[in-house]
Amino acid sequence: MHHQTPSDTPSDAAWSKASLLAQAMGRIDEATRAVTPPIHVTTTFIRDPDNQYRSGNVYGRPDNETVREVEAVLSMLEGGAGAMAFGSGMSAATAVFLALQPGDHVVAPTVMYWALRNWLKNDYAAWGVAVDFVDTSDLDALRGAVKPGRTRLVWIETPSNPMWSVTDIAGAAAIAHAAGARLAVDSTVATPILTRPLELGADLVMHSATKYLNGHSDVIAGALVTARDDDFWRKVVRIRATQGKILGPFEAYLLMRGMRTLDLRVRAQCDSALWLAQQFAARDDISHVLYPGLREHPGHALAARQMRGGFGGMMSIRVAGGAARAIAVAAHVALWKRATSLGGVESLIEHRGSIEGPDSPCPDDLLRLSVGLESREDLAADLFAALDRARG
Ligand code: PLP
């Protein structure tokens with residue numbers, strides 16, 4: 001089923017993750033010897049005359065070969081026992097929560113991706129699972145929130161959107177496991193280049209693959225990677241299959257194409273983000289720079305241990321003068337693009353309060369910045385000019 005021969009591909013273990021990623025595991029198409037595998041679009045497969053499906057393929061909703069190729073790379077990157085690609089990050093995340101039973105208890109962070117928090121608060125309640133929100137960057141608070149024997153899932157996001165607080169994955173895993181719960185990590189912003197949560201004791205990793213993994217703002221996709229192929233994982237597999245949450249083959253192809261350059265992109269974005277954060281910190285019209293790479297950030301020491309090679313490409317700034325001034329800064333940029341989302345090659349700026357609404361813990365003078373691949377000097381000059389104009 002997999003298009004490779006031993007002579008083409010030395011054992012995976014021989015090469016670094018960066019090399020395997022650049023070549024999408026070195027898979028080629030056996031039939032044509034194509035370096036880039038074809039996109040498998042079929043929805044259905046021929047049954048053998050004796051009624052068997054020896055290829056393992058039956059129908060397109062549970063699985064797809066182009067999707068499997070992405071999943072092999074995701075599993076390799078995170079060091080997992082299996083991976084699944086979904087039609088969005090939200091689809092991946094909700095699949096985990098839908099695998100819980102009524103009566104179960106979940107702990108989730110107060111600062112997390114807002115749409116998932118809203119779904120947990122407003123819609124998931126009907127499922128009969130109790131959800132408590134705590135500041136998971138404070139392990140004592142997390143320890144106080146888990147209910148041994150009842151909590152089945154601890155969900156964390158690190159660094160967390162849009163304040164970029166950092167949660168100790170190994171510490172959270174120990175607390176979750178002592179209570180009999182699984183730990184799932186939304187690692188969208190850290191990416192597998194900077195952090196590998198499964199190595200730190202997490203049971204599941206989730207990504208909005210829409211962001212850094214794809215990297216080009218042209219695919220909506222999500223991913224889960226599991227530490228173990230256990231009963232819980234098989235339930236999540238069934239949820240994806242029955243609910244049709246699988247990523248489409250064209251999107252899977254584009255995602256794989258984007259992921260081949262993930263390592264380079266993330267490293268460049270980390271370098272630019274750190275440099276920009278230092279420039280912003282020197283401005284008196286910015287009251288706070290929220291970036292784990294800065295020594296003043298409360299999560300800096302932990303991030304330095306937990307994130308290898310950089311602190312990520314995401315930061316937020318709080319503009320002195322309040323919400324109106326912050327919105328004016330976003331109005332005056334030219335190179336930064338005024339848009340939601342993150343992790344693409346183009347730098348984005350967003351007044352986060354406008355999208356998260358009144359229930360959000362996000363301050364209303366906060367601008368979220370996703371640092372892309374443009375010249376960092378141009379990005380600084382553009383934002384400084386916008387700050388000057390907003391000052392009037
Ligand atoms: N998690 C984080 C940290 C995100 O930033 C996002 C999207 O913005 C999501 C999850 C949801 O992903 P998607 O938009 O692919 O459904």
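**Close-up 1. Who sits around the ligand in this predicted model.** Fourteen is the count to keep in mind here: of the 14 residues around the ligand, the ones that come nearest are Met90, Asp186, Ser208, Thr210 and Lys211. By type, the shell splits into five nonpolar, six polar and three charged residues. Two elements, helix H3 (89-98) and strand S6 (204-208), each chip in at least two residues of that shell.

**Close-up 2. Polar contacts to the ligand's oxygen atoms.** Met90 uses its backbone: a polar atom there is 2.8 Å from an oxygen atom of the ligand. Ser208 works through its side chain, with a polar atom lying 2.8 Å from a ligand oxygen. Asn161 also brings in a polar side-chain atom, this one 3.2 Å from an oxygen atom of the ligand. On its own the ligand has 390 Å² of accessible area, and the protein covers 92% of that.

**Close-up 3. The ligand in its pocket.** Step back a little from the contacts, and the ligand turns out to sit in the largest pocket.

**Close-up 4. An open sheet of five strands.** Read across the sheet and the order goes S8-S9-S12-S11-S10, with mixed pairing. Strand S8 (286-290) and strand S10 (337-338) are the edge strands, each pairing on one side only.

**Close-up 5. Where S10 meets S11.** Strands S10 and S11 (residues 348-351) run parallel and are joined by two bridges. Look for Arg338 here: its bridge partner in S11 is Ile349. As a reminder, strands of a sheet pair through backbone hydrogen bonds, either parallel or antiparallel.

Key: Residues are numbered from 1 along each chain as its sequence is written. This is a predicted model: local features need pLDDT of at least 70, side-chain atom pairs count only at pLDDT 80 or more; totals for chains, interfaces and linings use all residues. Side-chain values use heavy atoms; hydrogens and water are left out. A residue is near a molecule or strand if one of its heavy atoms lies within 4 Å of it. A polar contact is a pair of N or O atoms within 3.5 Å; within protein, one must be able to donate a hydrogen and the other to accept it, and residues adjacent in sequence count only if both atoms are side-chain atoms. Accessible areas come from the Shrake-Rupley method with a 1.4 Å probe; for residues, only the protein chains shown count as cover. On a 1 Å grid over the protein atoms alone, a cavity is a set of points where a 1.4 Å probe fits but cannot get out, and a pocket is an open set with protein on both sides within 12 Å along at least five of seven lines; lining residues have an atom within 4 Å of a point. A molecule sits in a cavity or pocket if more than half of its atoms lie within 2 Å of its grid points. Helices (H or I, at least four residues) and strands (E, at least two) are DSSP runs, numbered from the N terminus. Ala, Val, Leu, Ile, Met, Phe, Trp, Tyr, Cys and Pro count as nonpolar, Asp, Glu, Lys and Arg as charged, and the others, Gly among them, as polar. Two strands pair if DSSP finds at least two bridges between them.
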